[in-house]
Amino acid sequence: MTSTPSATRPFRVADLGTLVVMPWSGEAPDGSDMPYLLAYSLGDTPEGPEGTALAVARLLTDNGMPIGGDVVDGTERPSLPFTLLVESGAAVLNMPSLNAQCLPPQEWLAAVEQRGYAYLVLTTRAWPQATPGRAVTPEELAAFAGAAETLTAAAHIVLPARRLRG
């Protein structure tokens with residue numbers, strides 16, 4: 001029996017599992033609010049969190065995004081394969097082969113309006129407990145999003161907030 005090495009297997013969106021995007025804002029070093037987006041998998045595939053971690057890592061590396069490295073400044077890279085559309089109270093994160101939408105709180109929308117961009121943390125670390133529809137406390141969010149295991153397993157991308165042209 002032969003098998004196809006994972007390096008040559010085509011990327012499959014299903015390997016990511018359920019991808020969740022969570023918006024929040026918080027005070028930045030300059031004293032004003034920073035709009036953040038945390039994107040993570042629930043780790044809910046047959047391969048579990050290890051499999052989804054590999055799939056997210058592949059999505060990032062196949063598209064030139066460093067994991068655990070420098071911040072990628074999308075305001076200086078117009079051809080970045082990750083984009084953010086903010087329109088009608090919604091935020092849409094567009095990525096190669098998929099997109100994810102969320103409804104951010106008003107303070108997030110105000111922060112993105114003021115800054116013109118959001119800071120995306122797209123982590124390979126699964127967070128199975130933070131399912132859609134379940135409230136996440138600020139303490140839970142801080143513990144996961146601020147953990148070294150989350151941050152070093154993530155791409156950090158500044159995404160310009162684009163709008164539809166009318």
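With which residue does the side chain of Arg-115 make a polar contact? The partner is the side chain of Asp-30, at 2.9 Å. The legends below describe close-up views of a predicted model.

**View 1. Surroundings of Arg-115 in helix H2**. Arg-115 is buried, with a relative accessible area of 17%, which falls under the 20% limit for that class. Besides the 2.9 Å polar contact with the side chain of Asp-30, the side chain of Arg-115 is joined to that of Tyr-117 by a polar contact of 3.1 Å. When neighbours within four places in sequence are left aside, Arg-115 is in contact with Ala-28, Asp-30, Ser-32, Asp-33, Met-34 and Pro-35. Helix H2 is followed by Gly-116, which has a positive phi, near 85°.

**View 2. Buried and exposed faces of helix H2, residues 106-115**. The buried residues of H2 are Trp-108, Leu-109, Ala-111, Val-112 and Arg-115. These residues lie on the same side of H2 because they cover an arc of only 160° around the axis. Gln-106, Glu-113 and Gln-114 are exposed on the face turned away from the buried side of H2. The cover over the buried residues of H2 includes six strands: S1 (19-27), S2 (33-41), S4 (83-87), S5 (90-95), S7 (117-123) and S8 (154-162).

**View 3. Buried and exposed sides of helix H3, residues 138-145**. Leu-141, Phe-144 and Ala-145 are the buried residues of H3. Their arc around the axis is only 85°, so they fall on the same side of H3. Glu-139, Ala-142 and Ala-143 are exposed on the other side of H3. Strands S1, S2 and S7, together with helix H4 (148-151), are included in what covers the buried residues of H3.

**View 4. Strand S7 and its pairing with S2 and S8**. Strand S7 is mostly covered, with 6 of its 7 residues buried. S2 and S7 run parallel and are joined by 4 bridges; within this pairing, Leu-120 in S7 is the bridge partner of Leu-37. S7 and S8 run antiparallel, and 7 bridges join them. Ala-118 stands opposite Leu-159 in S8. Strand S7 also belongs to the cover over the buried residues of both helices shown above, H2 and H3.

**View 5. Val-92 in strand S5**. Val-92 is buried, at a relative accessible area of 15%. Residues up to four places away in sequence not being counted, Val-92 touches Thr-83, Leu-84, Leu-85, Asn-99, Ala-100 and Gln-101. The C-alpha atom of Val-92 is separated by 18 Å from that of Asn-63, a residue 29 places away along the chain.

**View 6. Ser-88 and Ser-97, two residues with positive phi**. Ser-88 is not a glycine, yet its phi is positive, near 50°. Ser-88 lies in the loop between S4 and S5 and is exposed, with a relative accessible area of 72%. Ser-97, likewise not a glycine, has a positive phi of about 75°. Ser-97 is found in the loop between S5 and strand S6 (98-102) and counts as exposed at 60% relative accessibility.

**View 7. The nonpolar cores**. In soluble globular proteins, nonpolar side chains tend to be buried together. The largest nonpolar core of this model has 31 residues, and those with the most contacts inside it are Phe-82, Leu-84, Met-95, Trp-108, Leu-122 and Ile-157. Trp-108 is one of the buried residues of H2. Apart from neighbours within four places in sequence, Phe-82 is in contact with Leu-59, Leu-60, Asn-63, Met-65, Asn-94, Met-95, Pro-96, Leu-122, Ile-157 and Leu-159. A second core, separate from the largest one, has 16 residues, including Met-22, Leu-38, Trp-127 and Val-158.

Key. Residues are numbered from 1 along each chain as its sequence is written. This is a predicted model: local features need pLDDT of at least 70, side-chain atom pairs count only at pLDDT 80 or more; totals for chains, interfaces and linings use all residues. Side-chain values use heavy atoms; hydrogens and water are left out. Buried means under 20% relative accessible area, exposed over 50%, partly exposed in between (1.4 Å probe, protein chains only). Helices (H or I, at least four residues) and strands (E, at least two) are DSSP runs, numbered from the N terminus. The arc is that of the directions from the helix axis to the C-beta atoms. Contact means heavy atoms within 4.5 Å. A polar contact is a pair of N or O atoms within 3.5 Å; within protein, one must be able to donate a hydrogen and the other to accept it, and residues adjacent in sequence count only if both atoms are side-chain atoms. Two strands pair if DSSP finds at least two bridges between them. A nonpolar core is a set of buried Ala, Val, Leu, Ile, Met, Phe, Trp, Tyr and Cys residues joined through side-chain atoms within 4.5 Å.
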